[in-house]
Protein chains: 2
Amino acid sequence: MSEVATGFFRSRWVGAPSHVSELPGGLPRGFRTSGVACGIKEAGALDLGLLCSDAPSTTSAARFTRSGTQSAPVLLCLERCRLEGIRAVVVNSGNANAATGLPGLEHAAAMQAAAARGCGVGGEQEVAVASTGVIGVPLPIEAATTGIETAAGALRADGDGDFAEAIRTTDAFAKHTSLEVRLDAGAVRLSAQAKGAGMISPRFATLLCFVQSDAALSAETCDLLLGVTVKRSFERISVDGQLSTSDTVILQCSGESGITVEPETGDELRFGEALDALLRQLALQIAHDGEGARRVGRVVVRGGEQGAVERTARAVADSSLVKTALYGGDPNWGRIVQAVGMALPETAPLAVDIAIEGTQVCSRGEYVPHDADALKLAVQRDEVEYEIGLPGEGAETELFFSDLGHEYITINADYTT
Amino acid sequence: MSEVATGFFRSRWVGAPSHVSELPGGLPRGFRTSGVACGIKEAGALDLGLLCSDAPSTTSAARFTRSGTQSAPVLLCLERCRLEGIRAVVVNSGNANAATGLPGLEHAAAMQAAAARGCGVGGEQEVAVASTGVIGVPLPIEAATTGIETAAGALRADGDGDFAEAIRTTDAFAKHTSLEVRLDAGAVRLSAQAKGAGMISPRFATLLCFVQSDAALSAETCDLLLGVTVKRSFERISVDGQLSTSDTVILQCSGESGITVEPETGDELRFGEALDALLRQLALQIAHDGEGARRVGRVVVRGGEQGAVERTARAVADSSLVKTALYGGDPNWGRIVQAVGMALPETAPLAVDIAIEGTQVCSRGEYVPHDADALKLAVQRDEVEYEIGLPGEGAETELFFSDLGHEYITINADYTT
C-alpha cells in the first residue's frame, strides 16, 4: 500500500504505488500554464487555458475521440499537428467548435496560430487545440484569440490550477494533481489536468486530459505508455454511454529533470505504474463527477469469451435501470440479470453468477438467499462493486460507471438555452 | 384520413385506416377475459389476468424477447406451448418470475396447468403464461393459482378493461382498445391489451401485448402478419434502451365472426393494415408512457447503407443526452450530432444533415442559421420529429423514443425496496 497522504488517491480501486508521492501543486520543470476569462462563457468565468513547454525537445503522444463527427480542433490536431512533438496546448471551454464546418476549421487554425505566437514556439504544428462545450454554435474567434494573448502573458509554473479551472464545463470540481515519481535514476514530476463529466464512454469521453512530466522519454515511449494507460483508465469509464466529438488526451515530456526513462527498463515500468495510477484515479474522479453522480459502480465480468465479457460490462454500465438503482442505493440485482440477458441474446437459459459487494445474489441464473438488509446497507456507500460470472473462464474486464440521478436530468435538460 | 373519432389514434404518426372504426370496448366474439387481485402486488391491486378463447379451432402466433436471461414463463412458452394454437393466456404482474431457476419453471408450469383447468381448454400446451414485475424474487405460487381460479370464474366478454389493468406494473395508464375492421367479406373485430413502460428496446420491450380477433386466419397468416407488424411497431420504440426478460406478444384469432381472411387477398391486406395501425398506436402509447415521459420523439434516418441508418437511429433514440434535451424542450441539436458521430466512428468529417420539426439546423455537418425562437417553440409539443440525412440514399428507418426526465429517476431509483 501507499505512503501517500490520500488527497488524490481516494478510491479503494486505485492503489497509489509506493514510489509515488503527492505534491502540493505546480508543474514539472519546463512547463507553464495559465487560465483566463475571454468571454466565451458568461459572467467572467475562466474559459481559456494555455499550456506550454519551454523545452524545444519536448516529446509527446496524443489520443482523440473516434467519433464520426469529430470537432474542428480534433480534425485540426489529426491533420496539422506533429503529435510526437507538441510544445503547447490551447483549450477553450463553453463552445466545442463542432458541427461548424469550414469556418470552424479556420477558427481552430486561428487559435493554433495565436497560441504558437503567444508561447513563442517555432511552428504551428507544435500546438494542439481543444475545445469543449456546446456543439453547433460558431466560436467567437476574436474573443478566443484575444484571450490567448492574455493567457500567454499569464503563463506560470504554478498556473495548473487556473488551467484546470479554465477547461471545465459541467464539471462539479476541477481535476488536477501533481506527483513526484521516484525512479532509480532520480525523482521526476508528473502532473495532470482533466475535465469530463457527461458524454463519457464508450471510448474515452468529453474528456480532456493533459499530462506533463519533466522526465525525458522518447516519443515512442510516450505513445506506448499513454496507449496502455488510457486503455486501462479513460476507456474503462462510462457516465452516460455517450461518445463525445471532442475527447483529447495529451502527454508531454519536457526532459527538463535531466532524468531519462529508457525503454524496457525498471524505470519505464515505474513511470508507467505512476501514469497508470494517475489516469485511473482521474478516470474515477470523472465518473464520480458524472453530472451529478452520487455513487460510482465498478462492474467486473469474468467468463470464457472476451467479446461476451466486454459486451456484458458495457450493457451493465450503460443500463439506465442499473444506474438509477445505483443512484437509489437499491440492491435491485434483477436489473443486472436483465442487462446481462440483453448483452447476450439467444443464450437462454444462461448460467450467470452475480455478486454485489461480495454478497452472492445469483448463482447459475437463479437467486441465492442472502441477507437483504446487509446488502441494502452495503450499496449505500460511495463505491459499489458488482461481479458477474459468465460460463467459462480466461476472459475478464472491468468498467467504472456513474449512477443516473436527478442532478443529471437537471444539468442536461436545459443546457443550451 | 380516418373517419374514426380519435380517442385511440391520437398520434400524427399513425393514420387510422378508413376501414377501421373504434368501438366502445369489449372483445371479439369467442373471447372472454378477467382481471383479479391475488396478492402478488400490495394493497389489493389487480395483478392476475386471464384471457380465453372458447373456440377450439383458435389460431395464434407469438413473439418473445431474445434476452439471454429469459424469464421462466418465456422459457416455458417456447418449450411447452403449441404457439400456433394458443387458446388461453394467464398473466401476472408484480413479479417477473425471472432468475428463479427450476422452481420458477415449476411455478410457471403450475400457472399454466391452473389456467388450463380454469378455462377448460384441452391441453396445457394451449395455454401461454406471462409474468411481469420484479426480477429475482420467488413467485408466490399459491396466491397465483388461487387467483387463477378466481379469475376463471370472472371471465367475461367485456372483461378487457380489467385484464388490461391486471397486467400493468409501472404503466401510468392501462392500454387497450377495441376496433371494428370492415373487410370485403364483412366486418370483424380486433382488440388488444398491452402493458409496457420501462425496459423498452432494442427489440420489442417489457412489453406484454395480447391481440384478439374473431376473423378466421390460418396460423401461418397469423404468424406472417404478426411478424411484419411487430417489426414496424414494438421493434421501433425505445424507452430506455433496455431489453426485458419477459417481452411477449400474442395474436389469437377465434374465427367466430365466420369471416375468413385468405392469404394474398385484399382482405389480408386490409386486416394487416388494421393490425399495423393498432400495434403502431399501442407502441406510441407505450413510448408516451415511458416511465414518466413528457414527450415522444420520432427519429427518421435516411442514407445509403441500412446498417449505418439503423445504428444512427438507435444511437439517437437511446442517447441520454438527446432524451434529456427532449424532456427539457430544448432544441439542442448538437447532441444529435454527437450521437450520430458515436454511431459512425472513424467516418469524420461526416456530411450529416439534421432537421428538427422540419427546420434544417445542420447541412453536410455544418450548422445552418435558423429561427432559434421558432424552433424552441416547436420542440415544446408532445411529439417532436428529428430527420437525419447520411450520405447516400436508398436506406431509411424510424424509431420512436421517450424522453428522460425526473419521473424516470423517481420511478426507477427505488423500485424493489
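**Notebook: sheet, helices and the two copies**

I began with chain B of this predicted model, where six strands make up an open sheet of mixed pairing, ordered β1-β7-β8-β9-β11-β4. I looked at the edges next: they are held by β1 (20–23) and β4 (59–64) of chain B, and each has a single partner strand, so one side of each is left without a neighbour in the sheet. I noted an average twist of 20° from one strand to the next.

I then followed the edge strand β1(B) to its partner. β1(B) and β7 (residues 175–183) of chain B run antiparallel and are joined by four bridges. One position I checked was B:Val20, which stands opposite B:Val181 in β7(B).

Which helices pack on this sheet? I found α5 (residues 219–231) of chain B touching β4 and β11 (248–253) of chain B, with its direction at about 35° to that of β4(B). I also found α6 (residues 266–288) of chain B, which touches β1, β7, β8 (186–195), β9 (208–213) and β11 of chain B. The direction of α6(B) makes about 160° with that of β7(B).

**Strand β8 in chain A**

I moved to chain A for a look at β8 (residues 186–195). Is this strand mostly covered or mostly exposed? β8(A) is mostly covered, with seven of its 10 residues buried. I listed its pairing on both counts. With β7 (residues 175–183) of chain A, β8(A) runs antiparallel over nine bridges, and A:Lys175 has A:Ala194 as its bridge partner. The connection from β7(A) to β8(A) is a hairpin through two residues. With β9 (residues 208–213) of chain A, β8(A) pairs in the antiparallel sense over six bridges; there I see A:Ser191 opposite A:Gln212.

**Helix α3 in chain B**

I checked the length of α3 (residues 141–153) of chain B. At 1.5 Å a residue its 13 residues should span 18 Å, and the end C-alpha atoms lie 19 Å apart, which agrees.

Next I asked which residues of α3(B) are buried. They are B:Ile141, B:Ala144, B:Thr145, B:Gly147, B:Ile148, B:Ala151 and B:Ala152. These residues cover an arc of only 155° around the axis, so they lie on the same side of α3(B). As background, I recalled that an α-helix has 3.6 residues a turn, so residues three or four places apart point the same way. On the other side of α3(B), I found B:Glu142, B:Glu149 and B:Gly153 exposed. The buried residues pack against β2 (31–36), β3 (48–53), β5 (88–95) and α2 (101–119) of chain B.

**Helix α9 in chain A**

I looked up α9 (residues 334–343) of chain A, which is mostly covered: nine of its 10 residues are buried. Among them are A:Arg335, A:Gln338 and A:Ala343. What do the buried residues of α9(A) pack against? Within chain A I noted α7 (306–318), α8 (320–327), β13 (353–356) and β16 (383–389). α11 (406–412) of chain B is also on the list.

**The two copies**

Last, I compared the chains. A turn of 180° with a shift of 0.0 Å along the axis lays chain A on chain B with an RMSD of 0.0 Å. The two copies are therefore related as by a two-fold rotation axis. Which residue of chain A comes closest to the rotation axis? It is A:His406, whose C-alpha is at 2.9 Å. I also noted that 98% of the interface residues of chain A are interface residues in chain B too, so the copies meet through the same surface.

Methods. Residues are numbered from 1 along each chain as its sequence is written. Chains are lettered from A and ligands numbered from 1 in the order in which they are written. This is a predicted model: local features need pLDDT of at least 70, side-chain atom pairs count only at pLDDT 80 or more; totals for chains, interfaces and linings use all residues. Side-chain values use heavy atoms; hydrogens and water are left out. Two strands pair if DSSP finds at least two bridges between them. Axes are lines fitted to C-alpha atoms, for helices over the stretch in contact, and angles run from 0 to 180 degrees between N-to-C directions. Contact means heavy atoms within 4.5 Å. Copies are superposed by least squares on the C-alpha atoms of residues with pLDDT of at least 70 in both. The expected span of a helix is 1.5 Å times one less than its number of residues. Buried means under 20% relative accessible area, exposed over 50%, partly exposed in between (1.4 Å probe, protein chains only). The arc is that of the directions from the helix axis to the C-beta atoms.
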